[in-house]
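Let's take a walk through this one together, strand by strand and ring by ring. Have the viewer open and follow along.

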Amino acid sequence: MSEKRTDARNVRTGSHTVRVSRPEKELFPDDGITKWDLVAYYRSVSRRIIPQLRGRPLMMERHPDGIGGRPLMQKNAPDYFPDWVRRAVLPKEGGEVTHVVCDDTATLLYLADQACVTPHRWLSRADRPDHPDRLVFDLDPPSSESEESGFEEVRWTARRCCGLLGELGLPGLLMTTGSRGLHVIVPLDRRADFDTVRAFARDAADLLAARHPDRLTTEPRKAKRGGRLYLDTQRNAYAQTAVSPYGVRARPGAPVATPIDARELDDPELRADRWTLRTVGERIADDPWARTDTRGRSLRGPRERLKRLAAGDG
């Protein structure tokens, strides 16, 4: 169990002081993980997670009653948030939303004090919200498989996905989601809009499914997947979000979404929830993405290569 704290505790970071109320509040009761533990964790990983969040609208997954209570999936920044927390007012159908943008450690810690366990980030930045700089393939185990065999299917698919991206001249950044599967992420140069990016992602997924029709599918209806792994590209759309690297998940043990190297796909101990709030520290000093060229790529050439590959495979 964590050490009990007083009714409030102040944390100084940069030019701001964040007041952590009820630091002893257990957000993960079965694991004894408190709000103070969450704040301390996000402070420890701030140099890794802030670059992944900076400039992006967020959806806050808040658990004020702990992970066993009803979550608040909150897009709009409350009026009581401090003035120094950056906002971005962005259009939605029939109106607009004032999103939080997490540009600094103080904001990240303030969100943790608000019991925001998981920051879910947009795939675009607030200054050009219609032009993503991330493309995501979301790979979860087939629902018909056991946990172990299902994740093996995820590994297998991630290898094929990265292989296809290599054929197209694109990098594939890998990340455990801290939940059930993996994300394969492509950094983009923000020239293409969401419609173009989503169409490219779907065409790439269609080609993978055509190459491996017995194991992969792009069929959105579960009843028609036949036990195959679904290549999910639906996050690639305006206002859709994905868990941030190093984001804590509201699941037993407080697993963390963690960047990995492609070679780790062969590690028999790899799981979607392998690293947790208490164990991910070993990864902070040696983030595999820090050793990777993550500059944004154009889709212009890859789109043409993808057309030729699809025509040749067909």
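Before the first stop, one working rule: a charge sits over a ring if NZ of Lys or CZ of Arg is within 6 Å of the ring centre and within 35 degrees of the ring normal. Keep in mind, too, that this is a predicted model. With that rule in hand, look at Trp156: Arg215 lies over its face, at 3.8 Å from the ring centre. Then move to Tyr230, where the charged end of Arg225 sits over the ring, 4.0 Å from its centre.

While you're around Trp156, have a look at the helices. Helix α4 covers residues 147–167 and helix α5 residues 194–211, and their axes come within 11 Å, crossing at roughly 120 degrees. An angle over 115 degrees but not over 145 falls outside the perpendicular and antiparallel classes, so α4 counts as oblique to α5. As for the hand of it, α4 passes α5 in a right-handed crossing.

Now for the strands, and β9 is a good place to settle in. How many of the residues in β9 are buried? Seven of the seven, across residues 116–122, so to speak a strand that is mostly covered. On one pairing, β9 meets strand β5 (residues 58–62), running antiparallel and joined by five bridges. If you want a register mark for that pairing, take Leu58, whose bridge partner in β9 is Arg121. β9 also pairs with strand β15 (residues 241–243), again in the antiparallel sense, over three bridges. Here the mark to look for is Trp122, which stands opposite Thr241 in β15.

β15 is also a handy signpost for two alanines with unusual signs on their backbone angles. Ala239 is found in the loop between β14 (229–232) and β15. Its phi is near 70 degrees, a positive value in a residue other than glycine. On the other side of β15, in the loop that runs to β16 (258–260), you'll find Ala254, with a positive phi near 55 degrees. Buried or exposed, what is Ala254? Ala254 is buried, at a relative accessible area of 0%, whereas Ala239 is partly exposed, at 26%.

Another antiparallel pairing is that of β7 (87–92) with strand β8 (residues 95–100), where six bridges do the joining. Ala88 has His99 as its bridge partner in β8. The two strands form a hairpin with two residues between them, and Gly94 in the turn takes a positive phi of about 80 degrees.

Step back along the chain from β7 and you come to the aromatics. The whole structure holds five aromatic pairs. In one of them, Tyr80 and Phe81 have ring centres 5.4 Å apart and planes at 70 degrees; over 60 degrees counts as edge-to-face, so that is what this pair is. The two neighbours differ in cover: Tyr80 is partly exposed at 49% relative accessibility, while Phe81 is buried at 2%. Phe81 also forms an edge-to-face pair with Tyr110, at 5.0 Å centre to centre and 85 degrees between the planes. Why does that pair tie together separate parts of the chain? Because Phe81 lies in the loop between β6 (72–74) and β7, and Tyr110 in helix α3, 29 residues apart in sequence. Tyr110 itself is buried, with a relative accessible area of 10%. Put these rings together with Trp84 and you have one aromatic cluster: Tyr80, Phe81, Trp84 and Tyr110.

Tyr110 brings us to α3 (residues 105–113), and this helix is mostly covered, with nine of its nine residues buried. Among them are Thr105, Leu108 and Asp113. Just after α3, Ala115 takes a positive phi of about 60 degrees.

One last stop starts from Thr105. Which residue lies 8.3 Å from Thr105 in space, C-alpha to C-alpha, though 58 residues away in sequence? That is Arg47, which lies in helix α2 (residues 46–53). Unlike the buried Thr105, Arg47 is exposed, with a relative accessible area of 52%.

How values were computed. Residues numbered from 1 in each chain as written. Predicted model: local features only at pLDDT ≥ 70, side-chain atom pairs only at ≥ 80, totals over all residues. Heavy atoms only, no water. Buried < 20%, exposed > 50% of the residue type's maximum accessible area, 1.4 Å probe, protein only. Helix = DSSP H or I, 4+ residues; strand = E, 2+ residues; numbered from the N terminus. Pairing = 2+ DSSP bridges. Phe/Tyr/Trp six-rings, centres within 6.5 Å; stacked < 30°, edge-to-face > 60°. Axes fitted to C-alpha atoms, helices over the stretch in contact; angles between N-to-C directions. Parallel < 35°, antiparallel > 145°, perpendicular 65-115°, else oblique. Left-handed = near helix turned anticlockwise from the far one by under 90°.
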